[in-house]
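I opened this model to look up two things, its pockets and its aromatic contacts, and I am keeping the entries short.

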Amino acid sequence: MFDVVGDSIDALVESWEEIRLCYQDSANAEYDRAVLDCVAKLAEEPGGEQAWLWVFGSVITAPYLTWLPGDGVVDAAVKALRAADAALQAQPCTHVSHPYETHTDEDDEILLDVFSPLANEGEGWEEPRPREEWLCPRNVAGFARIALDILDPGSVADVPARLPAEAVEQIDVLSSLLEGYPKWSTDVEDEIASQGWALSTADPEELAGRVLVVRAVSWHAIWDTERKSVLDDLIEGLEKALARYDRVSCEHDPDDHARLPNSGPIAAEQGILLSYAAGRARYERSPRGREEPLEALLCPAFIAAVAQESLDSLTKCRDQRFGAGDASQSNVDS
């Protein structure tokens, strides 16, 4: 059995936190060994007294596994987590509710703070939920399902929806870009153009969100782009979207349609959220989701009007700056 008292758990959690912060590393042998060691301990006793430690560690390190870990690491993690979920759910529980039921990705940092006090009963406890609820087998099983949902978004129905790692990265990249401080690795114009490509190939359920992302980046494109092809790609995406919204109408009073944010970073984040099922669920739980209901925000007639407005602005900019253009030439720079 692992000794969870003292420096040993601090060193373990510190290694997991590094993986959490640097999760975009790919095939990092050191990270792979740390994750494999964690899930191996869980697999040894999936319903044991220390299962909470390895399950919580798996939640912290799971984002790394959504990128490009070494061969077999994800399979080992999934197998151990499923075994833990089954073994722990089978154990008795008298609690009405558990911490996992309201745990979102924004709470993962809090999770880092509970390892030491959970391992050491003599240490002070500052969390609002009792220590016993955190250690309850049913709660630990819930966190095992959270980890599984990170690895395979949407695969678990009874845990709080969280954005896939790719969506979190998109929000981060676009927020930095639109705030005027793009990441060093970001090709600004390629990143903006890629939003047009994403809209052109969007699945039906993500179409509205992708229109809103293009709306957000179009302001930057109109003022700062030096490449005609960037405008062409955004225009082409909007034209394809409008073709899919052909002849849509609604019975809403115009005043009942949603009010969209005028801040580029906020507008881009909203569009990314609405492009994912987990993001739409998250939006509905947010204060803005209560102010601007999802149904009104996703109204096809409203989204078509937003797309047309953005298309008109981009087309006017392109024609004034480069001369009358044709989106079919989207891959040719002026």
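What volume does the largest pocket have? I am working from a predicted model, and in it the largest pocket has a volume of about 500 Å³.

I then looked up the lining of the largest pocket, which is made by 22 residues, and those closest to the pocket centre are Pro63, Asp105, Asp108, Arg162 and Val168. Helix 1 (7-21), helix 3 (51-65), helix 5 (108-119), helix 7 (137-151) and helix 8 (165-178) are the elements that each give two or more residues to this lining. Sorted by class, the lining has 12 nonpolar residues, 9 charged residues and 1 polar residue.

Next I turned to the aromatic rings, where the count comes to 9 aromatic pairs. One of the pairs is formed by Tyr31 and Tyr64, which meet edge-to-face at 5.6 Å centre to centre with 90° between the planes. Because Tyr31 lies in helix 2 (residues 29-44) and Tyr64 in helix 3, this pair ties together parts that are 33 residues apart in sequence. I checked exposure as well, and both Tyr31 and Tyr64 are buried.

A further pair that I noted is Phe56 with Trp134, also edge-to-face, at 6.0 Å centre to centre and with 85° between the planes. Here Phe56 belongs to helix 3 and Trp134 to helix 6 (residues 131-135), and the pair links distant parts of the chain, 78 residues apart. Both Phe56 and Trp134 are buried.

My last entry concerns the cluster to which Phe56 and Trp134 belong: one aromatic cluster is formed by Trp16, Trp52, Trp54, Phe56, Phe115, Trp134 and Phe143.

Note on methods: Residues numbered from 1 in each chain as written. Predicted model: local features only at pLDDT ≥ 70, side-chain atom pairs only at ≥ 80, totals over all residues. Heavy atoms only, no water. 1 Å grid on protein atoms, 1.4 Å probe; cavity = no way out; pocket = protein on both sides within 12 Å on 5 of 7 lines; lining within 4 Å. Points joined across faces, edges and corners; volume = space filled by probe spheres on them. Helix = DSSP H or I, 4+ residues; strand = E, 2+ residues; numbered from the N terminus. Nonpolar A, V, L, I, M, F, W, Y, C, P; charged D, E, K, R; others polar. Phe/Tyr/Trp six-rings, centres within 6.5 Å; stacked < 30°, edge-to-face > 60°. Buried < 20%, exposed > 50% of the residue type's maximum accessible area, 1.4 Å probe, protein only.
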